[in-house]
Amino acid sequence: SISRDLATGEISSEVYSSVENLLDQSARPVALAIDIPIGMTDSGPRECDRLARELLGSPRSSSVFPAPIRPALAANTRKEAHEVSKSIDGRGVGAQAWGLYARIREVDRILRAIPFARRFIYEVHPEVSFAVWNGGASLEEPKKSAEGMAIRTGLVDGSFGREVRRAVRQRHPSNLVADDDINDAFAALWTAERIHSGVAGVIPHPPQVDPLGIEMGMWY
């Protein structure tokens, strides 16, 4: 996680083992942007996922994984989640999608238990943020490729400064935090600052609301 102190302007970074630890900070964030689906349908795809893929176009649209439907989220195994999702929606659950379930469950549990958290936790997708950051043009080059890394790093350096990014890079071992992870975290911070200043956009506008009253919108 990368954050900026609104009083001093100082940017700091930290690796958290869980979303609960991320929230358990001495100063509550005024806007927390996370790359985790927020809100789920009981069946069918979320509109924000569809619109994000449409915005990104090929080939980056594949970076938007379908959010689970809520009945499948309680599954204990991928096989169980796959069967539930298949029976309701006609679509299964891939290994990569299943890998996100634990984090999605954690965020969902927090938002259900602490409704106030819905006022400052926002869903983002780094590639959507980078596309808007890039003047509305989706980045065709993969984020781990040399060219894709250079473009994304250039956007980060242009807004936050090369030395700021380098300081974050030096603080965390590359075997724990990859360069593209740092760029993604800066994209989340870029979006959080836009949310705080009132200039951010969201798809769809206004966001859909799931059956539990949780908004389903992707901010940029």
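In the hairpin of β5 and β6, five residues lie between the strands. Within this hairpin, G213 takes a positive phi near 85°. The model is predicted. Strand β5 covers residues 202-209 and runs antiparallel to β6, with four bridges joining the two. In this pairing, I203 stands opposite M218 of β6. Strand β6 itself spans residues 215-219 and is mostly covered, with four of its five residues buried.

Strand β6 also pairs with β4. Here the two strands run parallel and are joined by two bridges. V124 has W219 in β6 as its bridge partner. Strand β4 is joined in turn to β3, again in parallel, by three bridges. L32 finds its bridge partner in β4, at I121.

Together these pairings give an open sheet of four strands in the order β3-β4-β6-β5, and the pairing is mixed. The edges are formed by β3 and β5. Each has a single partner strand, so one side of each is left without a neighbour in the sheet. On average, neighbouring strands are turned by 35° against each other, direction ignored. Helix α10 packs on this sheet and touches β3, β4 and β6. The direction of α10 makes about 130° with that of β4.

Helix α10 runs over residues 179-197. Its 19 residues reach 27 Å from the first C-alpha to the last, close to the 27 Å expected at 1.5 Å a residue. Of these 19 residues, 14 are buried, so α10 is largely enclosed by the rest of the structure. Just after the helix, G198 takes a positive phi of about 85°.

Helix α6 comprises 13 residues, 101-113. It reaches 18 Å between its first and last C-alpha, close to the 18 Å expected at 1.5 Å a residue. The buried residues of α6 are Y101, I104, E106, V107, D108, I110 and L111. The list thus includes E106 and D108 alongside residues such as I104 and L111. The packing partners of these buried residues include both helices and strands. The helices are α1 (19-23), α3 (70-73), α4 (78-89) and α5 (95-98). The strands are β3 (32-34) and β4 (121-124). Strands β3 and β4 also belong to the four-stranded sheet.

A further pair of helices is α8 (residues 146-160) and α9 (residues 162-171). Their axes come within 7 Å and cross at roughly 115°. That makes α8 roughly perpendicular to α9. On the α8 side, the contact is made by T153, V156, D157 and F160. On the α9 side, R162, V164 and R165 take part. The residues of this contact divide into three nonpolar, one polar and three charged.

L56 lies in helix α2, which covers residues 47-56. Its relative accessibility is 4%, so L56 counts as buried, the cut-off being under 20%. Beyond its neighbours within four places in sequence, L56 is in contact with S61, S63 and V64. Further contacts of L56 include E127, V128, A131 and S138. L56 and V132 are 76 residues apart in sequence, yet their C-alpha atoms are 9.7 Å apart in space.

Conventions
Residues are numbered from 1 along each chain as its sequence is written. This is a predicted model: local features need pLDDT of at least 70, side-chain atom pairs count only at pLDDT 80 or more; totals for chains, interfaces and linings use all residues. Side-chain values use heavy atoms; hydrogens and water are left out. Axes are lines fitted to C-alpha atoms, for helices over the stretch in contact, and angles run from 0 to 180 degrees between N-to-C directions. Angles under 35 degrees count as roughly parallel, over 145 as roughly antiparallel, 65 to 115 as roughly perpendicular and the rest as oblique. Contact means heavy atoms within 4.5 Å. Ala, Val, Leu, Ile, Met, Phe, Trp, Tyr, Cys and Pro count as nonpolar, Asp, Glu, Lys and Arg as charged, and the others, Gly among them, as polar. The expected span of a helix is 1.5 Å times one less than its number of residues. Buried means under 20% relative accessible area, exposed over 50%, partly exposed in between (1.4 Å probe, protein chains only). Two strands pair if DSSP finds at least two bridges between them.
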